[in-house]
Amino acid sequence: MAAGGQPLVVAGGVATFMNPEPLAPFVDLFIIGEAEPILDSAMELLLPGINRKSKVTLLEEIGTKLPGCYAPGLYEVVYAPDGALLSNTPKKEHATLPPRIKKVIMDSCGSVAAHSQILSPQAEFSDLYMTELGRGCSRGCRFCAAGFIYRPPRLWSAQTIINAIDARPDNTERVGLLGMEMARAEDVNLIADYLSKQSCALSFSSLRADIIHSSLLELLGRSKLKSAAIAPDGGSERLRLVINKGITENDVLTAAELLVKKGIQNLKLYFMIGLPTESQADLNEMVDLILKVKKKILTVGRSRGRLSTLTLSINCFIPKPLTPIQFHPMEKVALLKHKLKFLRKKITAEPNIRIKTESPEKAFFQAVLSMGDRRVGLALLAMLRNNCTWKQAIINENINPDYYTLRQRGVTEPFPWEIIDHGIERKYLWSEYKKALSEKTTIPCYTSRCKRCGVC
């Protein structure tokens, strides 16, 4: 697109409504939120105005008339002498623009849930027809951005999902369900029964350990699925209270046993290290849990004459915008390396266990991008222009990455991403953070009567 002879760069997607600021130097217009409610209206203003209006005039018109439209070039960011962010507000000549950009969401999917539109042998999921089960998540895991930026949680009815599956092309037998980890057990059972009657095989990314029921297990058996993943995330019972995960060690052990009994040959477990308040005792308990899971699945494997493999995915915790743990610093790279070394030493020699880990240096860079402001965007540009590493670019731009990643944040400190209004009250996120440090849990969202966070 071009406006007044100048290219017009428009961006959207989940990364941009978590924190658009690192990309703000390069983007003329962000569409903040979910596309369905806003895209048609945005295009009705964009297309006629491209050739007959200046870029600034067009962007101001869109930003003033439509919710969820953020033109960062029309806003002014002010920093304190020490580099701290003070404000991000509309420039004086664009005073009609909103002081904060309200995220737009889709209230209902109508009678048919969102689903794959094109299947192609050239695509990554060439023969997999995907259907979403809903958007958002009611569980409130304190590290998970999706559980907060997609609020309120919206779970589509079993019938709308079945209608979407019905729309698949002929001879499509593999169906992927997006959002299995947040689905209601009764809906999962209904969908599983339907897929079984349609002779469809099931595919999914991961399961919550506490939603595995008989209908789903039967479908897994018929689908001949060889791999499945469950995510304890926290290595100990105590850490799972800190992050409000809502599953217990017994849930994990039971789920592992049931899945392997139904033919899963590669069971994956997802863990994080560096979570707030993590100690050596938590790492020891993680190792104990891993060995207990191994013992469970090997017992099943020996009884049927085929052993299953346990694959561990161990990643570094990265603070995410708009979560309760946004206030907490990331753990230092050296300590993360030490923890990974300990886990490898304890686990690598165990037969039938594979371990995959993430580089702490890469995780640290991800945290800089996650928590960064427009100055981080300038470092990205320097990486491209000078063909250098991110560390070299940050030094050249006189940016201290520790400022974004290793600092404890206070209850009143402005965040770059707060130009976006997700409806969540900061005092709620702070209270959830304090509950995390006190190892107190919060019950899931009940949108019909829950008013805790401010979104509803």
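Student: How much of the accessible surface of the chain belongs to carbon and sulfur atoms?

Tutor: Good place to start. Keep in mind that this is a predicted model. The accessible surface comes to about 20800 Å², and carbon and sulfur atoms hold 54% of that area.

Student: And what share of the residues counts as buried?

Tutor: Of the 456 residues in the chain, 52% are buried.

Student: Which secondary-structure elements should I look for, and how many are there?

Tutor: You will find 16 helices and 18 strands. The radius of gyration is 24 Å, close to the 23 Å from the globule rule, so the chain is as compact as a globular protein of that length. Its C-alpha trace spans about 75 × 55 × 50 Å along the principal axes.

Student: What do the contacts say about residues far apart in the sequence?

Tutor: Take the contacts with a separation of 6 or more: 72% of them join residues 24 or more positions apart.

Student: Could we read one helix together? How far apart are the end C-alpha atoms of H12?

Tutor: Happily! Helix H12 covers residues 360-371, and its 12 residues should span 16 Å at 1.5 Å a residue; the end C-alpha atoms are 16 Å apart, which agrees.

Student: Which residues of H12 are buried?

Tutor: First, the general idea: an α-helix has 3.6 residues a turn, so residues three or four places apart point the same way. In H12 the buried residues are Pro 360, Ala 363, Phe 364, Phe 365, Ala 367, Val 368, Ser 370 and Met 371.

Student: What covers them?

Tutor: The cover over the buried residues of H12 includes strand E16 (309-316) and helices H11 (333-347), H13 (374-386), H14 (390-396) and H15 (402-405).

Key
Residues are numbered from 1 along each chain as its sequence is written. This is a predicted model: local features need pLDDT of at least 70, side-chain atom pairs count only at pLDDT 80 or more; totals for chains, interfaces and linings use all residues. Side-chain values use heavy atoms; hydrogens and water are left out. Helices (H or I, at least four residues) and strands (E, at least two) are DSSP runs, numbered from the N terminus. The expected span of a helix is 1.5 Å times one less than its number of residues. Buried means under 20% relative accessible area, exposed over 50%, partly exposed in between (1.4 Å probe, protein chains only). Contact means heavy atoms within 4.5 Å. The radius of gyration is taken over C-alpha atoms; the globule rule is 2.2 Å times the number of residues to the power 0.38. Accessible areas come from the Shrake-Rupley method with a 1.4 Å probe; for residues, only the protein chains shown count as cover.
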